[in-house]
Amino acid sequence: IDIVGMIGTNSVELDASKTSCSSSYSGIAYLWLETPCSGEDACPIYSKEEYRLPAAPWKSEVNPSTCSLDVAYTGDSIQILQTGEQFLITESKEDCHKACLAHDECNYYAWYDPLSTTNPNKCFLRKNKKVKVTEDYLQYGSKTCQASKKDVIDVFFDTFGSGTGNGGRDDFNEEYVEAVTTAIVAEDLFYAG
């Protein structure tokens, strides 16, 4: 679906003629062009793709603990698009973990408590883990705990993908995978508020 025009400050015109889906739709999800928010920690996290869509807020069906790990590691940090920094300012380890849950690329998080002299209240979202580190006032954890449920999109493709490669996605054409993924993410955004 393409945006073909702006009808007003709060409306857009959509063109669905190029979709590979059927011509009947049961609903449409929408996203905002600008997010009115105050303060860095109140703003959503946006993806790096060309459309810069916001990540779904906080995913449900995840173990409510913060998935703490005993050993901390360095890793590739995720740049926060709103600030250009490699960190967020959060009030707690729980908030840092929630930010990691909301970001597709995040697999680990590192949060420095207020007693840190170098990084107080800074939350670093990490794509991976590399080198073991020992730092004072650093709390480290993973996106998901062993007991937490898999992502809904992965469950769908594992279930209906007949055991093929790429988590079951190879059993479907690329357009179908993209359409189902978009629909599930849109539904998450709709129910997240």
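In this predicted model, residues 24 or more positions apart account for 59% of the contacts in the protein with a separation of 6 or more. The secondary structure comprises three helices and eight strands, and buried residues make up 31% of the 193 residues. The points below treat the overall architecture, helix α1, the strands β5, β6 and β8, and the disulfides.

**Overall architecture**

- Read from the N terminus, the elements follow the order β-β-β-β-α-β-β-β-β-α-α.
- The accessible surface of the protein amounts to about 12700 Å², and carbon and sulfur atoms contribute 51% of that area.

**Helix α1**

- Helix α1 spans residues 93–102 and is mostly covered, with seven of its ten residues buried.
- The buried positions of α1 are K93, C96, H97, A99, C100, L101 and A102.
- The cover over these buried residues of α1 includes four strands, namely β4 (88–89), β5 (108–112), β6 (122–126) and β8 (138–142).
- Two of the buried residues of α1, C96 and C100, recur below as disulfide partners: C96 is linked to C123, and C100 is linked to C106.

**Strand β5 and its partners**

- Strand β5 is mostly covered, and five of its five residues are buried.
- In a regular strand, side chains alternate between the two faces of the sheet.
- In β5, Y108, A110 and Y112 point one way, whereas Y109 and W111 point the other way; the residues of both sets are all buried.
- Strand β5 pairs with β6 in the antiparallel sense over four bridges, and within this pairing R126 of β6 is the bridge partner of Y108.
- Strand β5 also runs antiparallel to β8, to which five bridges join it; here the bridge partner of Y109 is G141 in β8.
- Strand β8 is itself mostly covered, since four of its five residues are buried.
- Strands β5, β6 and β8 thus appear in two settings: β5 pairs with β6 and is joined to β8, and the three strands are among the elements that cover the buried residues of α1.

**Disulfides**

- The model contains two disulfides.
- One disulfide is formed by C96 and C123, whose sulfur atoms lie 2.0 Å apart.
- This pair links distant parts of the chain, with C96 in helix α1 and C123 in strand β6, 27 residues apart.
- The torsion about the S-S bond of C96 and C123 is about 80 degrees, and the disulfide is therefore right-handed.
- Both cysteines of this pair, C96 and C123, are buried.
- The other disulfide joins C100 to C106, with an S to S distance of 2.1 Å.
- The link of C100 and C106 is left-handed, with -100 degrees about the S-S bond.
- C100 and C106 are both buried.

**Links between helix and strands**

- Strand β6 is connected to the other elements described here in several ways: β6 pairs with β5, contributes to the cover of the buried residues of α1, and holds C123, the disulfide partner of C96 in α1.

Terms used
Residues are numbered from 1 along each chain as its sequence is written. This is a predicted model: local features need pLDDT of at least 70, side-chain atom pairs count only at pLDDT 80 or more; totals for chains, interfaces and linings use all residues. Side-chain values use heavy atoms; hydrogens and water are left out. Buried means under 20% relative accessible area, exposed over 50%, partly exposed in between (1.4 Å probe, protein chains only). Contact means heavy atoms within 4.5 Å. Two strands pair if DSSP finds at least two bridges between them. Accessible areas come from the Shrake-Rupley method with a 1.4 Å probe; for residues, only the protein chains shown count as cover. A disulfide is a pair of cysteine sulfur atoms within 2.5 Å.
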